[in-house]
Amino acid sequence: MAAGGRIAVVGAGWAGLACAAELAAAGRPVVVLEASRQPGGRARSVELDGRRLDNGQHLLVGAYTETLRLMRLVGADPACLLARLPLCIDYPGRFRLQLPDWPAPLHLAAGLLRAEGVGLREKLAAAAFMQELKRRRFRLESDATVAAWLDAHGQRGALRRFLWEPLCLAALNTPPAQASAQIFANVLRDSLGGPSGATDLLLQRADLGRVFPEQAARRIAELGGEVRTSHRVRDLQPQDDGWRVDGECFDHVVLAVAPQHLAPLLAARPAHAALLRQVDGYAYEPIGTLYLSYPAEVRLPFPMLGLAGPVGQWVFDRGAQGGPAGLLACVFSGGGEWEGLDDDALAAALHAEIAAALADPLPPPHWRRSVRERRATFSCRPDLPRPTAATAERGLWLAGDHTCADYPATIEGAVRSGVAAARAILSQR
Ligand SMILES: Cc1cc2nc3c(=O)[nH]c(=O)nc-3n(C[C@H](O)[C@H](O)[C@H](O)COP(=O)(O)OP(=O)(O)OC[C@H]3O[C@@H](n4cnc5c(N)ncnc54)[C@H](O)[C@@H]3O)c2cc1C
């Protein structure tokens with residue numbers, strides 16, 4: 001049976017959907033095959049005790065330019081779905097850095113100078129560090145861990161504790177002692193070192209499914225494509241000039257799956273042995289989200305607050321941007337004490353930490369539930385080898401956050417990887 005120019009995209013995470021949306025918008029017939037019952041992958045909506053929430057609290061930032069473009073492409077309006085706020089890193093009573101709405105790089109200079117909870121010497125050292133990075137175009141001579149890199153540049157004290165290290169953990173989901181300094185420098189290049197809006201926080205006004213995956217699936221269908229859920233691809237066979245995917249013929253196949261899901265699809269194909277060895281060496285990091293539901297009048301002073309521990313890292317006010325009033329989402333990136341606590345113990349610890357951070361008394365939460373993603377992202381270590389979109393076999397492509405070599409495992413990396421795979425296919429005859 002002829003493939004008729006059809007393209008199969010395996011995986012309806014943000015990478016697969018971005019790839020399929022680009023292909024469909026270019027007039028190519030595309031079929032997305034997704035193992036789960038719904039699209040979205042690691043950034044999806046889930047139902048918890050009758051509440052529509054996310055598999056984990058996510059944060060997007062202004063630097064996510066491809067994500068915003070793809071949202072518009074599929075008809076998901078970022079202005080309605082995301083609230084844009086200037087960056088504010090606030091650990092109440094301990095540290096506060098807020099960037100004014102000024103042109104770059106003045107916004108960063110002013111923000112650093114006005115930061116509370118940190119001395120002038122440290123502020124100047126941080127400004128000099130950013131200047132030096134810019135001068136080197138954010139390229140390191142050789143990769144190292146973020147901790148070693150910060151040590152080498154004299155970045156210690158409050159700015160390290162409340163700015164560099166939390167940013168590293170939030171963006172790379174890898175502890176500074178293990179994270180890649182080069183990838184962190186890339187993140188700084190496109191955020192603090194980018195245009196002023198790049199550091200803006202983009203906070204969801206709706207659950208993740210509505211922010212992109214569901215609208216992307218609808219748009220792909222409107223453009224003549226298909227998104228088939230509950231279909232786990234098991235068999236890939238080359239045929240003539242194309243591929244058979246579970247017996248169905250396609251000209252191209254894009255594997256937009258997480259790195260740990262490549263082996264079941266490719267183990268039988270010796271051409272991909274080197275790729276599988278590469279991703280087999282990856283380690284993974286967890287992310288946990290604890291939802292706490294308080295009476296509707298409970299509000300945080302800013303929709304995202306830093307928690308100085310010992311267990312909590314960040315807490316988001318889901319009610320502040322139009323979500324359920326009184327709902328807080330506490331995030332734990334990377335391994336830590338949170339993993340050893342059951343939901344009751346975790347809720348008690350976080351309630352105490354949030355109460356300590358707020359000046360007002362906090363009534364007890366009337367509902368709590370955690371979502372724990374054990375393999376949330378690959379561990380973004382120094383010199384981690386990253387595959388490209390092209391594979392060892394013609395017509396077989398990769399997408400997924402791990403293939404966007406410039407970025408850690410993020411929504412923006414996933415979307416960029418999908419777009420890159422689509423463009424590679426479109427550039428072929
Ligand atoms: C809890 C959590 C919090 C996060 N927070 C942030 C954040 O704040 N900001 C940020 O930018 N990023 C964050 N991330 C990372 C971000 O979600 C991921 O980098 C991104 O979603 C990865 O998308 P992807 O499409 O590359 O992969 P995935 O989302 O893993 O998509 C792959 C899809 O392929 C499907 N699949 C696998 N095998 C098969 C098969 N054989 N057949 C059919 N389908 C298959 C899977 O079911 C899945 O849907 C977070 C991740 C988690 C888990």
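Helix α8, spanning residues 181–190, is largely enclosed by the rest of the structure, because 8 of its 10 residues are buried, a residue being counted as buried if 20 or more other C-beta atoms lie within 10 Å of its own. The model is a predicted one, and the points below cover the surroundings of this helix, the shell around the ligand, and the overall fold.

**Helix α8 and its neighbours**
- The buried positions of α8 are Ala181, Gln182, Ile183, Phe184, Asn186, Val187, Leu188 and Asp190.
- These buried residues pack against three helices, namely α5 (120–135), α6 (146–152) and α7 (157–172).

**Shell around the ligand**
- Of the 36 residues that surround the ligand, those that come nearest are Gly11, Gly13, Gly41, Gly56 and Thr410.
- Two or more residues are given to this shell by each of the elements α1 (14–25), β19 (367–378) and α14 (411–426).
- Sorted by class, the shell holds 18 nonpolar, 12 polar and 6 charged residues.
- At least three shell residues are drawn from each of domain 1 (7–77 + 206–282 + 382–426) and domain 3 (284–378).

**Overall fold**
- The protein has 14 helices and 20 strands, and buried residues make up 50% of its 429 residues.
- The radius of gyration is 22 Å, which agrees with the value near 22 Å that a compact globule of 429 residues would have.
- Taken along the principal axes, the box filled by the C-alpha atoms is roughly 70 × 50 × 40 Å.
- Among contacts with a separation of 6 or more, 70% are between residues 24 or more positions apart.

Terms used: Residues numbered from 1 in each chain as written. Predicted model: local features only at pLDDT ≥ 70, side-chain atom pairs only at ≥ 80, totals over all residues. Buried ≥ 20, exposed ≤ 12 C-beta atoms within 10 Å, placed from the backbone. Helix = DSSP H or I, 4+ residues; strand = E, 2+ residues; numbered from the N terminus. Contact = placed C-beta atoms within 7 Å. Near = placed C-beta within 6 Å. Nonpolar A, V, L, I, M, F, W, Y, C, P; charged D, E, K, R; others polar. Domains from an automatic or database assignment. Rg over C-alpha atoms; globule rule 2.2 N^0.38 Å.
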